[in-house]
Amino acid sequence: MHRFEGRSGPATAAAAGRSSGRPLRVAPGGLALVLAALTLSACAVGPEYDTPALTLPGHWGATAKTGEAAPQLKAWWRRMGDPMLDALMAEAVAGNLDVATAKANVRAARASYRQQVGSLFPQVTGNASGTRGDSGGGVSTGGDVTVDNSYGQYQAGLDASWEIDLFGANRRGVEAAAYNVDAVVNDLDAALLTLVGDVASYYADVRGYQAQIALARRTAASQRETEALTRRKLDAGAASAVDLANASGLVASTEANIPELEASLAAAIHRISVLTGQPPAALMLRLSRVKPVPSPRLPVPRGIPADVLTNRPDVRAAERQLGQSTALIGQAEANRYPAISLSGNIDTTGSQLGNLGRASSISWAFGPTLTVPIFTGGQLKALVDVAEANRDVSFIAYRASVLTALEDVENASVSLSQQRLKTGKLTIAATSYREAARLSRALYENGSTSFLDVLTAERSLYSAETQLIQSRVATTKYYIALNKALGGGWDGVVDTSKPEVVDQNTGPHFARIVPPASSDGSARP
């Protein structure tokens, strides 16, 4: 849609009239054109958007169970019963930089929407000018000297223009901007969902690494007792040097796992610190106190597959982006139709500044302008085709987001279910190996078995207990993944109105000139 601005000066061909001090009159033909435009201003071209109806399964997985309870997504991490995790969640939401970026994007989208709404209203600007001069003097051929007086001219006026949204181009732009605001708000929700999931996952890792470190130290201490026993038996001639070497090697092998676990623990704490918007080592002391791996409350109700359409913020964002793409088709289509704009101005001109309001000449101009695209080489139709193709891309992205959401839920559900079975089996294995290690050591002390049985039992016990800890961590992380897949994010209040940077002294002032930096980063003189 073309825009025409009214300007002071000679009347344009579109002006209906221009006079000085007379009431405004519009030619009958121009008035009819204006009335017709206003009547048709509620028209729009292009497709109307409706949320697509997708066919989704009625239940999850291969079961025919359709009556599963609705998912309990509100502050789902609280069901793990860890107050420190709850506190870290609030700190992460307040300080995370990805969330801050998403909030800034929300402010930008809302500002763009207000800017687009402004295109529906008339635009009015003021202008003023002043000229002061002297024509100078001269000497005629007869010797007479002439002196001209100085002169002045002052002018003030208003220019106004209004683009009549005849076929809804601007309204489609407002519609697209509104859909974009919704999409960006959902992007913020998606960032919050990812954040709380990441904090919970890394927190589970922290507790898991701490448990593995404690296990390694306990196991190494027990193995040292076995080493001391073997040394005594060697001194008494009841054991061989091979047995002692194996006992010493087992201790060293167990202790060798600790540095790697300590490094992984530190990395997990560093990640949580950065997620909360703090330096990497900020939470090191706070999280150094050993606590058990958070144990989730199971099972997790999942509702029905259709719930992901409303619960998953990434799915909601994709649907809103589809609405935006559909609205942009109408905007591109409207540019192929005639456009009407009203423009006008009023000016007052005087020889002195004080005469602008009284002893001055006043002129005005007003009239409609009709623009009809006659031949554009197919460019406008091509823009419509581009918008329609972009709408198809958005529709495919929406369908893909739904399928991805369903896949995430199915994968997390299966993984959580199978991991629970694995944890149960590992619990039995750890209990059995613990008893085997106790019995083999007792028999070894009495000389009823060889050291090889003790060595095998202690290795098996350490391996089973390590796997059990890892399985408990995995169960917790699959619980987290399932809640994320179902759409569980932060449901508290998030203030998007506060900017990260507050500018000072933004009014008129002398600019500070900053010299460019040299190649080595220092400021040049």
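## Salt bridges, helix H2 and local backbone features

Asp189 has a relative accessible area of 25% and therefore counts as partly exposed. This residue belongs to a predicted model, and the values below are computed from that model.

**Overall composition**

The protein chain has 525 residues, of which 38% count as buried. Its secondary structure comprises 10 helices and 6 strands. The accessible surface amounts to about 28,600 Å², and carbon and sulfur atoms account for 57% of that area. Among contacts between residues at least 6 apart in sequence, 84% join residues that are at least 24 apart.

**Salt bridges**

How many salt bridges does a search of the whole structure find? The search returns 25. Three of them are listed here.

| Salt bridge | Closest N to O distance |
|---|---|
| Asp182 and Arg320 | 3.4 Å |
| Arg316 and Asp189 | 3.2 Å |
| Glu333 and Arg336 | 3.4 Å |

Asp182 and Arg320 meet through their side chains at 3.4 Å, N to O. This pair links distant parts of the chain: Asp182 is in helix H4 (residues 169-235) and Arg320 is in helix H8 (residues 313-334), with the two positions 138 residues apart in numbering. Asp182 has 32% relative accessibility and so counts as partly exposed.

The salt bridge between Arg316 and Asp189 has an N to O distance of 3.2 Å. Which helices does this pair tie together? Arg316 lies in H8 and Asp189 in H4, so the salt bridge connects parts that are 127 residues apart in sequence. Arg316, at 22% relative accessibility, is partly exposed, and Asp189, at 25%, is also partly exposed.

In the salt bridge of Glu333 with Arg336, the closest N and O atoms are 3.4 Å apart. Is Glu333 buried or exposed? The cut-off for buried is under 20% relative accessible area, and Glu333, at 16%, therefore counts as buried. Its partner Arg336 has a relative accessible area of 35% and is partly exposed. Elsewhere, Arg224, Glu227, Arg231 and Glu255 are joined into one network by salt bridges that share partners.

**A nonpolar surface patch**

Val124, Leu158, Ile346 and Ile362 make a nonpolar surface patch of about 340 Å². One of these residues, Ile362, is found in strand E6 (residues 361-371). Ile362 has 36% relative accessibility, so it counts as partly exposed.

**Helix H2**

Helix H2 covers residues 83-95. Does its length agree or disagree with the expected span? At 1.5 Å a residue, the 13 residues should span 18 Å; the end C-alpha atoms are 19 Å apart, which agrees.

The buried residues of H2 are Leu85, Asp86, Leu88, Met89, Ala92 and Val93. They cover an arc of only 160° around the axis, and therefore sit on the same side of the helix. The spacing of positions along a helix bears on this pattern. An α-helix has 3.6 residues a turn, so residues three or four places apart point the same way. Pro83 and Ala94, on the other side of H2, are exposed.

What do the buried residues of H2 pack against? Their packing partners are helix H3 (97-118), H4 and helix H6 (257-275). H4 is also the helix that holds Asp182 of the salt bridge with Arg320.

**Backbone features**

The peptide bond between Leu298 and Pro299 is cis, with omega about 0°. Pro299 is located in the loop between H6 and helix H7 (308-311).

Two residues that are not glycine have a positive phi. For Ala75, phi is about 45°; this residue lies in the loop between helix H1 (28-40) and H2. For Asn505, phi is about 55°; this residue is in the segment after helix H10 (451-486).

The accessibility of each follows from its relative area. Ala75, at 13% relative accessibility, counts as buried. Asn505 has a relative accessible area of 55% and is exposed.

Notes: Residues numbered from 1 in each chain as written. Predicted model: local features only at pLDDT ≥ 70, side-chain atom pairs only at ≥ 80, totals over all residues. Heavy atoms only, no water. Salt bridge = Lys/Arg side-chain N within 4 Å of Asp/Glu carboxyl O. Helix = DSSP H or I, 4+ residues; strand = E, 2+ residues; numbered from the N terminus. Buried < 20%, exposed > 50% of the residue type's maximum accessible area, 1.4 Å probe, protein only. Patch = residues over 30% accessible without salt bridge, like charges linked within 9 Å, V, L, I, M, F, W, Y side chains within 5 Å. Areas by Shrake-Rupley, 256 points an atom, 1.4 Å probe, with all protein chains shown as cover. Expected span 1.5 Å × (residues − 1). Arc of directions from axis to C-beta. Contact = heavy atoms within 4.5 Å.
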